[in-house]
Amino acid sequence: GIPNVEYFGTIQQDTTGGAPGYILHAVDIADAAGTITLTGPGATPFTGTGDGFLVQRVNGTVTVEGASLNISGPTGVRIEGQAGGTAASGTYNFSNISILNLTAGSGSISDGILLSDLSGTTTFRNLTLNLADTNAFGISATNAGTVIIGGTSTIQTGSATAASIRIYDNG
């Protein structure tokens with residue numbers, strides 16, 4: 001069936017024990033009529049110390065409003081289609097999102113946000129990226145469709161070599 005999920009509340013995702021912890025993992029939603037909406041009370045109803053949000057091969061609409069992540073895994077937001085195959089054609093909206101990694105060093109963080117193999121539109125409004133990891137890219141996008149970053153957004157990385165915004169072709 002076509003998923004239509006509306007969640008209003010809070011979620012706290014803790015990764016004690018080392019497993020990746022996703023606040024949302026949506027996968028294989030082929031119908032463009034599908035919607036997933038996460039909202040809640042206050043400015044940041046969704047908090048976590050894991051990997052944040054993973055959206056794979058979703059052609060519907062995903063909306064997340066308000067999250068504060070102190071990530072310990074490789075990405076805070078990862079949205080991807082089928083690598084080398086069909087691009088996901090969804091619409092992805094993230095508002096008032098903070099992705100933090102405040103421990104300096106070269107460790108587990110590869111990208112604050114990773115977008116790949118998409119043909120739709122991904123929008124971030126009021127985005128804060130503050131990644132102290134010395135190997136971390138702020139935002140990486142490859143074959144990512146239309147990407148809009150607006151509102152009051154800031155990107156800060158601890159890397160002397162990895163770009164704050166990296167656009168590349170993985171073909």
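**Figure 1. Glu80 and its salt bridge with Arg78 in the predicted model.** Glu80 is buried, at a relative accessible area of 11%. Its partner, Arg78, is partly exposed, with a relative accessible area of 30%. The closest N and O atoms of Arg78 and Glu80 are 3.0 Å apart. Side chains of opposite charge can pair when their charged atoms come close. A search of the whole structure finds 3 salt bridges; the Arg78 and Glu80 pair is one of the salt bridges in the model.

**Figure 2. Salt bridge between Arg166 and Asp111.** The N to O distance between the two side chains is 3.8 Å, which counts as a salt bridge because the cut-off is 4 Å. This pair links distant parts of the chain, with Arg166 in strand β15 and Asp111 in strand β10 (residues 111-116), 55 residues apart. Arg166 is partly exposed, its relative accessible area being 25%. Asp111, in contrast, is buried, with a relative accessible area of 5%.

**Figure 3. Surroundings of Ser140 in strand β12.** Strand β12 spans residues 137-142 and contains Ser140. The relative accessible area of Ser140 is 0%, so this residue is buried. Residues up to four places away in sequence are left out of the contact list, which holds Asp111, Ile113, Leu114, Leu115, Arg166 and Tyr168. Ser140 therefore touches both Arg166 and Asp111, whose side chains meet in the salt bridge of the previous view.

**Figure 4. Salt bridge between Arg57 and Asp28.** The side chains meet with an N to O distance of 2.6 Å. Distant parts of the chain are linked here: Arg57 belongs to strand β6 (residues 52-58) and Asp28 to strand β3 (residues 22-29), with their positions 29 residues apart in the numbering. Arg57 is partly exposed, at 28% relative accessible area. Asp28 is exposed, at 51%; the class follows because exposed means over 50% relative accessible area.

**Figure 5. Phe94 and the largest nonpolar core.** The largest nonpolar core has 34 residues, and Phe53, Tyr92, Phe94, Ile99 and Ile113 touch the most other members. In soluble globular proteins, nonpolar side chains tend to be buried together. Leaving aside neighbours within four places in sequence, the contacts of Phe94 are Phe53, Val64, Val77, Ile79, Thr123, Phe124 and Arg125. Ile113 of this core is also among the residues that Ser140 touches.

**Figure 6. Nonpolar patch on the surface.** Val147, Ile149, Ile165 and Ile167 form the patch, and together they have about 350 Å² of accessible area. Strands β13 (146-150) and β15 (165-168) each supply at least two of its residues. Ile167 lies in strand β15 and is exposed, with a relative accessible area of 65%. Strand β15 also holds Arg166 of the salt bridge with Asp111.

**Figure 7. Pro41 in the loop between β4 and β5.** The loop that holds Pro41 lies between β4 (35-39) and β5 (46-48). Pro41 counts as partly exposed, at 42% relative accessibility. Beyond residues up to four places away in sequence, Pro41 touches Phe8, Gly9 and Thr10. A separation of 29 Å lies between the C-alpha atoms of Pro41 and Thr157, which are 116 residues apart along the chain.

**Figure 8. Positive phi at Asn126 and Asn143.** Most residues other than glycine have a negative phi. Asn126 has a positive phi of about 60 degrees, and phi of Asn143 is near 50 degrees. Asn126 is placed in strand β11 (residues 121-133), whereas Asn143 lies in the loop between β12 and β13. Asn126 is partly exposed, with a relative accessible area of 23%. Asn143 is likewise partly exposed, at 37%.

**Figure 9. The chain as context for the close-ups.** The secondary structure comes to 0 helices and 15 strands. The radius of gyration is 15 Å, close to the 16 Å that the globule rule gives for 171 residues, so the chain is as compact as a globular protein of that length. Buried residues make up 45% of the chain. Among contacts between residues at least 6 apart in sequence, 80% join residues at least 24 apart. The chain exposes about 7,700 Å², of which carbon and sulfur atoms supply 49%.

Note on methods: Residues are numbered from 1 along each chain as its sequence is written. This is a predicted model: local features need pLDDT of at least 70, side-chain atom pairs count only at pLDDT 80 or more; totals for chains, interfaces and linings use all residues. Side-chain values use heavy atoms; hydrogens and water are left out. Patches are made of residues with over 30% relative accessible area and no salt bridge: like charges are joined within 9 Å, nonpolar side chains (Val, Leu, Ile, Met, Phe, Trp, Tyr) within 5 Å. Accessible areas come from the Shrake-Rupley method with a 1.4 Å probe; for residues, only the protein chains shown count as cover. Helices (H or I, at least four residues) and strands (E, at least two) are DSSP runs, numbered from the N terminus. Buried means under 20% relative accessible area, exposed over 50%, partly exposed in between (1.4 Å probe, protein chains only). Contact means heavy atoms within 4.5 Å. A nonpolar core is a set of buried Ala, Val, Leu, Ile, Met, Phe, Trp, Tyr and Cys residues joined through side-chain atoms within 4.5 Å. The radius of gyration is taken over C-alpha atoms; the globule rule is 2.2 Å times the number of residues to the power 0.38.
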